Amino acid sequence: MYNVPNLLSFSRIVATVLVFALVIVNQPWAFLVAAVVFLLASLTDFFDGYLARRYHIVSQVGIFLDLTADKVFVCAILVAFVQLGLVPAWIVVIIIVREFIVTGLRSMAAAKGTVIPAGKWGKQKTFITLIAMEGILLGKGLGAGHLSLFPVMLNFNSSMLNVGDYLLLLADALMVLAVIWTILSGVEYVREAMPLLQEKQDTAVSKV
């Protein structure tokens, strides 16, 4: 049981490579396989944390793997989406920049012996982002090609519309929502870190 949470976290890194490759193939069957792998990998994010807490086997290696796997998993696959034009680059830039800011703030807090916990906006952001990404994979796997926000295609009168089209349109809308939540969660982390930033500033002033 000791290594299971770490293995689950590491499996997300492996899944990242597989899903990335399948997305680049850019074929309906590949998107469907990617959707299954992505869903299973996303579920490991819950189970590794649950098992670690349930059996009290939290370790520094496990924390590192969990945080690293989450960021690599989401960001790498979003980059693949950008390459195919499924998601605009500005969305991915916002998400990645937010990750850098949060990592920096957490590192600064850790150096001062403080832990900045994940807030409600951050948890909701992760959930919405994963659902949106899964929807994009499923939509493309089911043959979407007439409805989307990236680029804007709203051919509701097309006789070729299918379930995948509506699913992709919904997923695109959720991706926009995920960006809003990404910004709000970033603000939440900055607000939590403000006392630490102020403390550093006050110390510098006192030395002068």
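**Close-up 1. Asp-70 and its salt-bridge partner, Arg-12.** In this predicted model, Asp-70 has a relative accessible area of 23%, so it counts as partly exposed. Its partner in a salt bridge is Arg-12, and the closest N and O atoms of the two are 2.9 Å apart. Look at where the two residues sit: Arg-12 belongs to helix H1 (residues 4-25) and Asp-70 to helix H3 (residues 60-83), so to speak two distant parts of the chain, 58 residues apart, linked by one pair. Is Arg-12 buried or exposed? Arg-12 is buried, with just 1% relative accessible area. Side chains of opposite charge can pair when their charged atoms come close.

**Close-up 2. A network of salt bridges around Glu-99.** Here four residues join up: Lys-71, Arg-98, Glu-99 and Lys-125 are linked in a network of salt bridges. Start with Arg-98 and Glu-99, whose side chains meet at 3.2 Å, N to O. Now follow Glu-99 to Lys-125: these two form a salt bridge as well, with their closest N and O atoms 3.2 Å apart. That second pair ties together distant parts of the chain, since Glu-99 is in helix H4 (residues 89-111) while Lys-125 is in helix H5 (residues 120-141), 26 residues apart. How many salt bridges does the count come to? The count comes to 4.

**Close-up 3. How covered are the charged residues of the network?** Buried means under 20% relative accessible area, so Arg-98 makes the cut at 8%. Glu-99 is buried too, at 12%. Lys-125 has a relative accessible area of 7%, so Lys-125 is also buried.

**Close-up 4. A nonpolar patch on the surface.** Five side chains make this one: Val-93, Val-97, Ile-101, Val-190 and Met-194 form a nonpolar surface patch of about 380 Å². Two elements each give two or more residues to the patch, namely H4 and helix H6 (163-207). Which element gives the largest share? That would be H4, with 3 residues. Zoom in on Ile-101, which is found in helix H4. With a relative accessible area of 41%, Ile-101 is partly exposed.

**Close-up 5. Two phenylalanines, stacked.** A search of the whole structure turns up 2 aromatic pairs. One of them is Phe-38 with Phe-73, a stacked pair with 4.8 Å from centre to centre and 20° between the planes. Planes under 30 degrees apart count as stacked, so the 20° angle of this pair fits the label. The two rings come from distant parts of the chain: Phe-38 is in helix H2 (residues 28-54) and Phe-73 is in helix H3, 35 residues apart. Are these rings buried or exposed? Phe-38 is buried, with a relative accessible area of 1%, and Phe-73 is buried as well, at 2%.

**Close-up 6. Thr-114 in a loop.** Last stop: Thr-114, which lies in the loop between H4 and H5. Thr-114 has a relative accessible area of 32%, so it is partly exposed. What does Thr-114 touch, leaving out residues up to four places away in sequence? The answer is Ala-109 and Leu-196. Thr-114 and Leu-196 are 82 residues apart along the chain, yet their C-alpha atoms are separated by 8.9 Å.

Note on methods: Residues are numbered from 1 along each chain as its sequence is written. This is a predicted model: local features need pLDDT of at least 70, side-chain atom pairs count only at pLDDT 80 or more; totals for chains, interfaces and linings use all residues. Side-chain values use heavy atoms; hydrogens and water are left out. Helices (H or I, at least four residues) and strands (E, at least two) are DSSP runs, numbered from the N terminus. Buried means under 20% relative accessible area, exposed over 50%, partly exposed in between (1.4 Å probe, protein chains only). Patches are made of residues with over 30% relative accessible area and no salt bridge: like charges are joined within 9 Å, nonpolar side chains (Val, Leu, Ile, Met, Phe, Trp, Tyr) within 5 Å. Accessible areas come from the Shrake-Rupley method with a 1.4 Å probe; for residues, only the protein chains shown count as cover. Rings of Phe, Tyr and Trp (its six-membered ring) pair if their centres lie within 6.5 Å; planes under 30 degrees apart count as stacked, over 60 as edge-to-face and the rest as tilted. Contact means heavy atoms within 4.5 Å.
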